[in-house]
Amino acid sequence: MELVAQAKLKTLGDYAHEALKKHFKKTLKWEKPVKKDEDPEALHQMRVGMRRLRTAVSRFGLALDLSKPVSDKNIGKIARRLGTLRDLDVLKESLENTYRPNLPHKEQKSLQTAFDALSKQREDALEGVQATFKDEHYKSLKQGMNEWLENPSYLPVASLPMQELLPDLLLPEVSSLLLDPGWLVGTQVENAKVVIPKGLKADKIEKELATNGEMLHTLRKQAKRVRYQMELFTELYGESYSVYVADVKNIQDILGSIQDSVVLGEWLTDVFESEIETKLPTFANLLAENRYKLWQQWQPLQERYLKPETRHGFHLTILHPLTV
């Protein structure tokens, strides 16, 4: 029995090696189809792989002796190039499948201008991605990762048991998430208590997003960071941990959809060089309706995570990983 327990006692270094290997291999798996521009899903998977690799390098960096090319900054630069192309694919898919079928004939015809602009932007972004695969940043990242995986080099903290270190690894990012000012968008603070107005009209929500949308976008990015980090350690926690991971993913998804809608409206305004209410009134209404529905989905999560007991429960869960 004792031998089994000993076998399960993994160090921080063990987990770091597993995570870097897993996400690096997954990323490389999609390189060829992305180069050939064969399938939007391949690009999506490679971008996610690169982001997860970046999270692993960032989170485990305190325990690893990595070469300079294998850095958060270098991986982030490559991921952003992939992201630019992926964002255009998402935009095209949204225009084609969500919005165009619900527009009157006149607006569908006008939308061709947007598709032409999108096609040109995508050509430029694809060139950028294909150039990335040839440049030194990408080649040196691959070489550095391969060399480290074959002959890993660690810092002293890597030899400590994973369970002992988990709370200290996760709590700083979770605290940053819970303290993010984006939670207070659309609320009022009265007598040191947060009040969430219910039944806001669509025009009020539009005004709130126009004024404070960037804060929600920042909250979404922090939620994504926390989710990726938490997912590295799912097997080391119980069911309540999985519930928090699902919540954080939901926060990321809903706020991401709100941001996508805002970005789409701004992009169309640039393409048509005028407010889209003038050129595409039905489209503008659909965007606003979509944001209104998303806001209704967001508010219950916002309310839950502004409660002290929810935040306290989140911290307690992080503090108590499973014991071996």
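Which helix does Q45 lie in? Select Q45 and see: the residue sits in helix α4. Keep in mind throughout that this is a predicted model.

**Stop 1: Q45**

Colour Q45 by accessibility. Its relative accessible area is 29%. Q45 is therefore partly exposed, since that class runs between 20% and 50%. Now add E190 to the selection. The two residues are 145 residues apart along the chain. Draw a distance between the C-alpha atoms of Q45 and E190, and it should read 45 Å.

**Stop 2: the whole chain**

Zoom out and switch to cartoon. The protein chain shows 13 helices and two strands. Its C-alpha trace spans about 70 × 55 × 30 Å along the principal axes. Of the 324 residues, 45% are buried. Next, look at contacts between residues at least 6 apart in sequence. Among these, 82% join residues at least 24 apart.

**Stop 3: helix α9**

Select residues 202-231. This is helix α9, with 30 residues. Check its two end C-alpha atoms: they are only 35 Å apart. A straight helix would reach 44 Å at 1.5 Å a residue. Where does α9 bend? Centre on N212, where the bend is about 70°. Keep α9 displayed for the stops that follow.

**Stop 4: the largest pocket**

Turn on a surface. The largest pocket holds about 1500 Å³ of space. Its lining counts 45 residues, and R47, R51, D87, R220 and K224 are the closest to the centre. Show those five as sticks. Then colour the helices around them. α4, α5, α9, α10 and α12 (281-305) each give at least two residues to this lining. Which element supplies the largest share? Highlight α5, which contributes 14 residues. Colour the lining by class to find eleven nonpolar, 17 polar and 17 charged residues.

**Stop 5: the second largest pocket**

Move on to E206, V262, G265, E266 and R291. These lie nearest the centre of the second largest pocket, out of 20 lining residues. The volume here is about 420 Å³. α9, α10, α11 (276-279) and α12 each supply at least two lining residues. The largest share, seven residues, comes from α10. By class, this lining has eight nonpolar, six polar and six charged residues.

**Stop 6: the largest cavity**

Clip into the interior. How many cavities of 30 Å³ or more does a search of the whole structure find? There are two. The largest cavity encloses about 40 Å³. Select L209, G213, L216, H217, L255, I258, Q259 and V262 to display its lining. Two elements give two or more residues each to that lining: α9 and α10 (239-272). Five of the lining residues are nonpolar, three are polar and none is charged. V262 is worth a second look. That residue lines this cavity, and V262 also appears among the residues nearest the centre of the second largest pocket.

**Stop 7: the second largest cavity**

Finish at V34, D37, D39, P40, L43, L85, D89 and R122. Together they line the second largest cavity. α4 (40-60) and α5 (72-99) are the elements giving two or more residues to this lining. The volume is about 30 Å³. Are polar or charged residues present in this lining? Colour by class: four are nonpolar, four are charged and none is polar. The tour ends back at α4, the helix that holds Q45.

Terms used. Residues numbered from 1 in each chain as written. Predicted model: local features only at pLDDT ≥ 70, side-chain atom pairs only at ≥ 80, totals over all residues. Heavy atoms only, no water. Helix = DSSP H or I, 4+ residues; strand = E, 2+ residues; numbered from the N terminus. Expected span 1.5 Å × (residues − 1). Bend = angle between axes of the 7 residues up to and from the residue. 1 Å grid on protein atoms, 1.4 Å probe; cavity = no way out; pocket = protein on both sides within 12 Å on 5 of 7 lines; lining within 4 Å. Points joined across faces, edges and corners; volume = space filled by probe spheres on them. Nonpolar A, V, L, I, M, F, W, Y, C, P; charged D, E, K, R; others polar. Buried < 20%, exposed > 50% of the residue type's maximum accessible area, 1.4 Å probe, protein only. Contact = heavy atoms within 4.5 Å.
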